[in-house]
Amino acid sequence: MQKMRYSPEEEQLLMSQLWNPAIKDDPEAFVLFAFPWGQKNTPLEQFKAPRAWQRRTLRRIRDFIKENQNKLTEGDLIDALRRAVSSGRGVGKSALVSWLILWMLSTRIGSSVIVSANSESQLRKVTWGELTKWVTMAINAHWWEPTATSLTPANWLTELVQRDLKKGTRYWGAEGKLWSEENPDAYAGVHNMDGMMVIFDEASGIPDSIWSVAAGFFTENILDRYWFAFSNGRRNTGYFYEAVDGNKRDFWESEKIDARTVEGTDKTIYQQIINEYGEDSDEARVEVYGDFPKSGQDQFISPHLVDDAMKRPLYKDMTAPIVIGVDPARGGMDSTVIVVRQGRDIVAIKRFRGDDTMTTVGHVIDAIEEYRPALTVIDEGGLGYGILDRLTEQKYKVRGVNFSWKAKNPVMWGNKRAEIWGAMRDWLKSASLPNDRILKADLTGPMKKPNSAGTIFLEGKKEMKARGLASPDAADAIAVTFAFPIAHREYNNRVDKRIVKSYALSHISTGWMGS
């Protein structure tokens with residue numbers, strides 16, 4: 001059996017220090033205590049303390065504990081602390097990951113830490129390599145047994161805890177967990193009442209399906225539940241992007257770290273990137289500013305295009321035709337969405353969930369009566385055909401569109417859906433959109449899927465759901481408004497006046513007007 005490094009008295013003192021609430025419930029104090037900051041002949045000889053952005057995360061945990069430690073005794077529910085940080089390169093993400101792991105395992109006896117990265121190589125060589133370095137420097141290094149992708153307590157420590165503290169130690173430790181996008185359910189693992197921490201390193205490259213499974217680690221209502229995601233913002237789609245900059249920000253605390261603001265980094269490297277690629281280049285945004293690229297290689301509509309449209313004021317062109325688009329729900333969590341578009345403006349977005357066909361027909365009729373559109377267009381999929389049939393019976397001016405129809409330009413577009421999304425993308429360049437995060441996610445969610453001939457198809461709704469994304473209901477509702485040409489109101493008015501005038505003159509010449 002491995003022996004303790006210190007005498008029993010010294011070990012007892014160390015444990016009393018690490019488990020004192022002043023250190024136990026304050027990760028920043030733990031990090032300052034546990035490592036040889038500024039000590040000669042150590043790797044930290046030139047470093048006095050963690051960097052400011054790292055300390056913000058450590059202090060946030062301290063504050064979270066203070067805010068919530070009394071809630072359990074009162075029977076309240078506690079949400080897990082979720083924090084997502086997008087940063088430029090070289091700011092010390094892996095070091096912070098190592099501190100979080102060692103704080104959790106050292107002060108939450110029996111707890112579990114799951115660590116994943118965007119690739120096996122990143123996990124083994126970078127994340128775990130950095131962890132091993134910090135374990136070696138820790139004041140309680142002798143507590144731990146590191147391997148290539150695990151960190152477990154030493155045998156003497158588990159025996160001590162089992163004997164004196166009467167605690168189980170089966171799940172106590174950190175595991176570097178690999179994932180499979182084809183089999184995300186295999187990622188599921190333990191539930192631990194002693195504490196649970198999940199860390200995603202280079203989280204931008206972890207598939208959405210793994211994020212949804214990882215949420216299952218936090219089902220117990222305990223205080224010590226922490227989920228951290230750190231990454232360069234290499235993709236402007238996916239769960240990490242949504243957690244930092246998208247429609248999942250309500251569930252995550254997020255921060256962007258500009259590498260130029262971080263102490264101890266080489267600012268000349270960052271300036272070289274800016275000079276070489278340009279101030280507003282994707283390279284500068286990702287590698288320096290801690291931001292996300294404007295466009296993705298496989299993304300059909302870029303977030304930048306949507307953001308610009310959401311910043312524009314309404315045009316309020318009263319001569320522009322009003323068109324209503326309807327994307328009926330297909331069941332489950334999908335919503336029926338009714339969109340009202342007048343020229344370059346989105347006038348209204350109405351969402352309904354759980355309604356049957358006749359109730360949905362009523363919602364569409366209400367919109368038609370309120371906005372008096374030149375045309376209402378309905379996606380025929382799902383409940384669409386029944387809605388279309390009923391509205392046609394009632395003499396409303398409606399048309400249906402089937403996304404699988406052949407496009408007018410079949411060389412460029414693989415089907416009607418891709419074609420009308422293309423028209424919508426062109427329209428967005430000068431459109432005005434409401435500031436609606438769900439709409440933004442809908443518009444930027446689908447990927448383009450060109451075939452070998454270069455003909456463009458769009459990712460289907462089932463494929464999006466497999467990636468953990470919602471059906472783009474609102475975006476489809478806007479897209480269908482581009483399925484048929486609709487004359488400008490001003491043009492229609494001129495035509496109507498000519499028709500009336502011609503009709504009147506013809507009857508005057510025959511004497512009808514004087515009868």
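Two strands count as paired if DSSP finds at least two bridges between them. Strands here are DSSP runs of E with at least two residues, and helices are runs of H or I with at least four residues, both numbered from the N terminus. The model is predicted, so to speak of a local feature takes pLDDT of at least 70 and side-chain atom pairs count only at pLDDT 80 or more, while totals for chains, interfaces and linings use all residues. Residues are numbered from 1 along each chain as its sequence is written, and side-chain values use heavy atoms, with hydrogens and water left out.

With that in place, one open sheet has 5 strands in the order E11-E10-E9-E12-E13, with mixed pairing. Strand E11 (345-352) and strand E13 (398-401) sit at its edges with a single partner strand each, so one side of each has no neighbour in the sheet. From one strand to the next, the twist averages 20°; such angles run from 0 to 180 degrees between N-to-C directions, with axes fitted as lines to C-alpha atoms, for helices over the stretch in contact. Inside this sheet, strand E9 (residues 322-327) runs parallel to strand E12 (residues 375-379), and 4 bridges join them. Val323 has Leu375 in E12 as its bridge partner.

Another open sheet has 8 strands, again a mixed affair, ordered E3-E4-E5-E2-E6-E7-E1-E8. Its edge strands are E3 (144-146) and E8 (253-257), each pairing on one side only. Neighbouring strands in this sheet are turned by 15° against each other on average, direction ignored.

Strand E2 (residues 112-117) is a good place to look within that sheet. On one side, E2 runs parallel to strand E5 (residues 173-176), with 4 bridges joining the two. E2 also pairs with E6 in the parallel sense, over 6 bridges. Val113 takes part in both pairings: it stands opposite Ala174 in E5, and its bridge partner in E6 is Met197. As for cover, 6 of the 6 residues of E2 are buried, where buried means under 20% relative accessible area, exposed over 50% and partly exposed in between (1.4 Å probe, protein chains only). In a regular strand, side chains alternate between the two faces of the sheet. Both faces of E2 are covered, with Ser112, Ile114 and Ser116 buried on one side and Val113, Val115 and Ala117 buried on the other.

Further along, strand E6 (residues 196-201) is joined by 6 bridges to strand E7 (residues 225-231), and the two run parallel. Asp201 stands opposite Phe230 in E7. Helix H4 (residues 52-68) lies across E1 (81-87), E7 and E8, running at about 170° to E1. Gln54 is part of H4 and counts as buried because its relative accessibility is 3%. Leaving aside residues up to four places away in sequence, Gln54 touches Val91, Gly92, Ala95, Leu96 and Trp99, contact being heavy atoms within 4.5 Å.

Finally, there is the largest pocket. 25 residues line it, and the closest to its centre are Asn247, Asp442, Leu469, Ala470 and Ser471. Helix H16 (437-444), helix H17 (461-466) and helix H18 (473-479) each supply at least two residues of the lining. H16 gives the largest share, 4 residues. (A pocket is an open set of points on a 1 Å grid over the protein atoms alone, where a 1.4 Å probe fits, with protein on both sides within 12 Å along at least five of seven lines; lining residues have an atom within 4 Å of a point.)
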